[in-house]
Amino acid sequence: MDRYYLGVCAWCGGRLGIWGEAPEQIIQGRQLRYCREECQRDFGRDIVESTRRIDAIMIADQAPYYPVEVSLLTGRSLGSQPIDFVWGNRLFRAASTEEQSEILADPARFIRILDRHVVAAQTPTYGMPRKCPVQGDILPSDAVIDIVVANRMIRVCCGRCVLAVKARPYQYLGMVEYANRQAGQQHQSDIRSP
Ligand SMILES: [Zn+2]
Ligand SMILES: [Zn+2]
């Protein structure tokens with residue numbers, strides 16, 4: 001599953017870190033972080049409703065990055081009313097409640113499938129193909145690893161950097177998104193002025 005990747009509190013939406021070390025918690029197999037103890041306590045007052053709220057935020061955040069328009073199970077169209085749901089801080093789409101149950105019965109398998117789709121879809125436009133967001137330049141001798149957090153690809157130079165990204169995903173996601181935007185703008189201006 002993905003670590004909690006947002007830079008803001010799962011309860012109040014305030015910046016993490018402004019009140020000191022952000023407390024974290026595992027709820028229903030999923031990691032969450034809060035700006036302070038009070039927010040963790042308030043989140044826990046109605047876990048069903050609190051989870052529904054943070055799920056809606058993650059669905060809206062990850063939807064633009066979702067890599068395929070077809071079912072992960074059948075490869076066929078998701079239909080007009082796909083079901084968006086979050087498992088382990090990751091957005092999934094299913095064509096039906098039956099498909100949703102099937103994904104939830106073996107989420108590790110479907111995360112691997114989703115990861116492969118994300119890397120395939122995002123590699124061509126990835127903004128920092130020769131730079132690791134943790135270490136800097138990627139050397140020809142590095143064993144490059146493409147990992148996925150919140151349906152975004154991040155390329156790192158080694159296993160140690162995988163751990164660094166997983167420990168502070170919000171920091172590295174920000175760097176990659178900036179590079180992706182820059183690369184996108186460059187691509188646009190190349191098209192306009194050949
Ligand atoms: Zn908070
Ligand atoms: Zn590295």
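These legends walk through four close-up views of a predicted model.

**View 1. S50 in helix 2 and the residues around it.**
Welcome to the first stop, where the residue to find is S50, in the helix that spans residues 47-62. Leaving aside residues up to four places away in sequence, S50 touches W11 and F43. A10 is also worth picking out: 40 residues separate A10 and S50 along the chain, while their C-alpha atoms are 8.6 Å apart. Is S50 buried, partly exposed or exposed? S50 counts as partly exposed because 17 C-beta neighbours lie inside 10 Å, and a buried residue would need 20 or more.

**View 2. Q28 in the loop between strand 1 and strand 2.**
Here we look at the loop that links strand 1 (24-27) to strand 2 (30-33), with Q28 in it. The backbone is the feature to check: phi of Q28 is near 50 degrees, a positive value in a residue other than glycine. As a reminder, most residues other than glycine have a negative phi. Q28 has 9 C-beta neighbours inside 10 Å, so Q28 counts as exposed.

**View 3. N89 in the loop between strand 3 and strand 4.**
Next comes the loop between strand 3 (83-87) and strand 4 (90-94), where N89 lies. What is the sign of phi in N89? The value is positive, near 65 degrees, and N89 is a residue other than glycine. As for its surroundings, N89 is buried, because 22 other C-beta atoms lie within 10 Å and the cut-off for a buried residue is 20 or more.

**View 4. Domain 2 where it touches domain 3.**
For this last view, it helps to have the domain bounds at hand: the domain assignment of the chain gives domain 1 as 1-61, domain 2 as 66-124 and domain 3 as 126-194. Between the C-alpha centres of domain 2 and domain 3 the distance is 23 Å. Domain 2 brings 10 residues to the contact, and domain 3 brings six residues. Which elements give two or more residues to the side of domain 2 that touches domain 3? They are strand 4 and helix 4 (107-122). Helix 4 gives the most to this side of domain 2, with four residues. By residue type, the side of domain 2 that touches domain 3 has five nonpolar, three polar and two charged residues.

Note on methods
Residues are numbered from 1 along each chain as its sequence is written. Chains are lettered from A and ligands numbered from 1 in the order in which they are written. This is a predicted model: local features need pLDDT of at least 70, side-chain atom pairs count only at pLDDT 80 or more; totals for chains, interfaces and linings use all residues. A residue is buried if 20 or more other C-beta atoms lie within 10 Å of its own, exposed if 12 or fewer, and partly exposed in between; C-beta atoms are placed from the backbone. Two residues are in contact if their C-beta atoms, placed from the backbone, lie within 7 Å. Domain bounds come from an automatic or database domain assignment. Ala, Val, Leu, Ile, Met, Phe, Trp, Tyr, Cys and Pro count as nonpolar, Asp, Glu, Lys and Arg as charged, and the others, Gly among them, as polar.
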